[in-house]
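User: I would like to go through the labels used for this model and hear the reasoning behind them. Please set each value against its cut-off.

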Amino acid sequence: MGKYFGTDGFRGEANKDLTYEHAIKIGRFLGWYYGAKEGKSAKVLIGKDTRRSSYMFEDALCTGLIASGADAYIMHVTTTPSVAYITRVDDFDCGIMISASHNPFYDNGIKLFNGNGEKMDEGTILEIEDYIDGKTEVPLAEREKIGSTVDYESGRNRYMGYLISLAKYGFKGVKVGLDVANGAAWRIARGVFDALGADTYVMNDHPDGFNINTDCGSTHIEHLQKYVVDNALDVGFAYDGDADRCLCVDEKGNVITGDHILYIYGLYMKERDKLLDNKVVTTIMSNFGLYKALDNVGIEYEKTKVGDKYVYENMIQNGYRIGGEQSGHIIFSKYATTGDGILTSLKIMEAMLAKKKPLSELAAPVEFYPQVLKNVRVKSKPEAQNDPDVQAAVNAVTEKLGDEGRILVRESGTEPVIRVMVEAGSDEVCEKYVDQVIEVIKSKGHLAE
């Protein structure tokens, strides 16, 4: 990770951590890097979510791009996966999404995609950061070389058409609830489900610039749970602010997480001989119950670091077709280069309709293990993590848990914290072993003062 950009873009409070000037500079660099540097006029695609500050950042990015000679194609309010898709299929040099995903309205972010619709490589990101910090210069375009803006709302409509084309079944007679989080999916999701014939019930679809993710969407799924039960719906889907993730609610009101989705669709793929190399890609934070369920049906799995970026890298390197995170970032590499909440919904609908089973029955084999996670503030994360006595304590817990649980000790990527997590058959066992390891960290003097 760089100085400004993390695993999911440059994110922070608008005009405090991420400013209008930052956005201009990002636009200036990208317009030059993909255009004037190569002796041409760059084509750059821009989308945004419904935050009030997204309009400001859209203007700033366009200003920077145009000043460097690029043409900025504006998709307006749209989802992150739609920007990734249209960037790739319409041969844009790069794509930009303005969103802070599931964060509150006062935060915002800038996510960058290369011409293949993939997250931009680390080398280019570091060059952008050097320009932001004034370490390099970029020339201004002049005369006929100055760029322009182009309305590209048609790109969003074609993305909707693409999603509709992927559905193998019509949804007539199926009662579907959608919580669009007052965010980027507020028009797209309903349009797709209506076109496929569903009886569509939508909540939190009145964005005002300030209510994105506020007590709604995938981070507050309890409201969709109640909505599904109260309206006797067959299924519900909840998205985050930029709709790159999806969590589900079954017909009984139970939450269906990303881990459940990986199991349900992974098994559906295996049954049709579509699960390449018989592998599902997860992160180290997936629940132990998912692995037990996959073991029971003979599906193998990979584990990556936390972050859909790492899941996608593993999938592309090895040719795997499905991977994701418990939070609902699910990647179907045959159809998309990033997590796509609406696509995930369509794939769950497909599995339900093909197997003629309710979602509760499809998810039942995944029994989540109790989990206890505690954060320990330390002086030095590497020293605490690599201490021989700490490692011995972790190994002792691993041995005692056997195949009935697991322990995970990892460094936080953003705080001076070691995270100690245990999954086991009961909360009491989890608590006991977490505290046992933390006590060793304390006794060795690693705690921050």
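Analyst: A crossing is left-handed if the near helix is turned anticlockwise from the far one by less than a right angle, and right-handed if clockwise. The model here is predicted. By that rule H5 passes H6 in a right-handed crossing.

User: Why is H5 called oblique to H6?

Analyst: The axes of H5 (residues 153–166) and H6 (residues 188–195) come within 10 Å and cross at roughly 40°. Angles under 35 degrees count as roughly parallel and 65 to 115 as roughly perpendicular. The angle fits neither class, so H5 is oblique to H6.

User: Which residues of H5 and H6 meet, and how do they divide into nonpolar, polar and charged?

Analyst: From H5 come Arg-156, Tyr-159, Met-160, Leu-163 and Ile-164, and from H6 come Ile-188, Gly-191, Val-192 and Ala-195. The residues of this contact divide into seven nonpolar, one polar and one charged. Gly counts as polar and Arg as charged.

User: What makes H1 oblique to H4?

Analyst: H1 (residues 20–33) and H4 (residues 122–132) pack at an angle of about 125°, with their axes 9 Å apart. Roughly perpendicular covers 65 to 115, and roughly antiparallel needs over 145. The angle lies in neither range, so H1 is oblique to H4. On the H1 side the contact is made by His-22, Lys-25, Ile-26, Arg-28, Phe-29, Leu-30 and Tyr-33, and on the H4 side by Thr-124, Glu-127, Ile-128, Tyr-131 and Ile-132. These divide into seven nonpolar, two polar and three charged. H1 passes H4 in a right-handed crossing.

User: How do you know that Cys-94 is in no disulfide?

Analyst: A disulfide needs a pair of cysteine sulfur atoms within 2.5 Å. The nearest cysteine sulfur to that of Cys-94 belongs to Cys-62 and is 12 Å away, so Cys-94 is in no disulfide. The count for the model comes to zero disulfides.

User: Why are Cys-94 and Cys-430 called buried?

Analyst: Buried means under 20% relative accessible area. Cys-94 has 0% relative accessibility, so it counts as buried. Cys-430 has a relative accessible area of 0% and is therefore buried.

User: What makes Gly-236 count as buried, and what is it in contact with?

Analyst: Gly-236 is at 0% relative accessibility, and the limit is under 20%, so it counts as buried. Gly-236 lies in strand E10 (residues 235–239). Leaving aside neighbours within four places in sequence, Gly-236 is in contact with Gly-177, Leu-224, Val-228, Leu-247, Cys-248 and Val-249.

User: Why is Tyr-265 called buried?

Analyst: Tyr-265 is at 4% relative accessibility, and buried means under 20%, so Tyr-265 counts as buried. Tyr-265 lies in H8 (residues 258–271). Beyond its neighbours within four places in sequence, its contacts are Arg-272, Ile-322, Phe-332, Lys-347, Glu-350 and Ala-351. The C-alpha atoms of Tyr-265 and Thr-344 are separated by 9.5 Å, with the two residues 79 residues apart along the chain.

User: Why are Asp-91 and Asp-273 called exposed?

Analyst: Exposed means over 50% relative accessible area. Asp-91 has 62%, so it is exposed. Asp-273 has 71% and is therefore exposed. Asp-91 is in the loop between H3 (80–89) and strand E5 (94–98), and Asp-273 is in the loop between H8 and strand E13 (279–283).

User: What is the phi of Asp-91, and what is that of Asp-273?

Analyst: Most residues other than glycine have a negative phi. Phi of Asp-91 is near 55°, a positive value. Phi of Asp-273 is near 60°, also positive.

Terms used:
Residues are numbered from 1 along each chain as its sequence is written. This is a predicted model: local features need pLDDT of at least 70, side-chain atom pairs count only at pLDDT 80 or more; totals for chains, interfaces and linings use all residues. Side-chain values use heavy atoms; hydrogens and water are left out. Axes are lines fitted to C-alpha atoms, for helices over the stretch in contact, and angles run from 0 to 180 degrees between N-to-C directions. Helices (H or I, at least four residues) and strands (E, at least two) are DSSP runs, numbered from the N terminus. Contact means heavy atoms within 4.5 Å. Buried means under 20% relative accessible area, exposed over 50%, partly exposed in between (1.4 Å probe, protein chains only).
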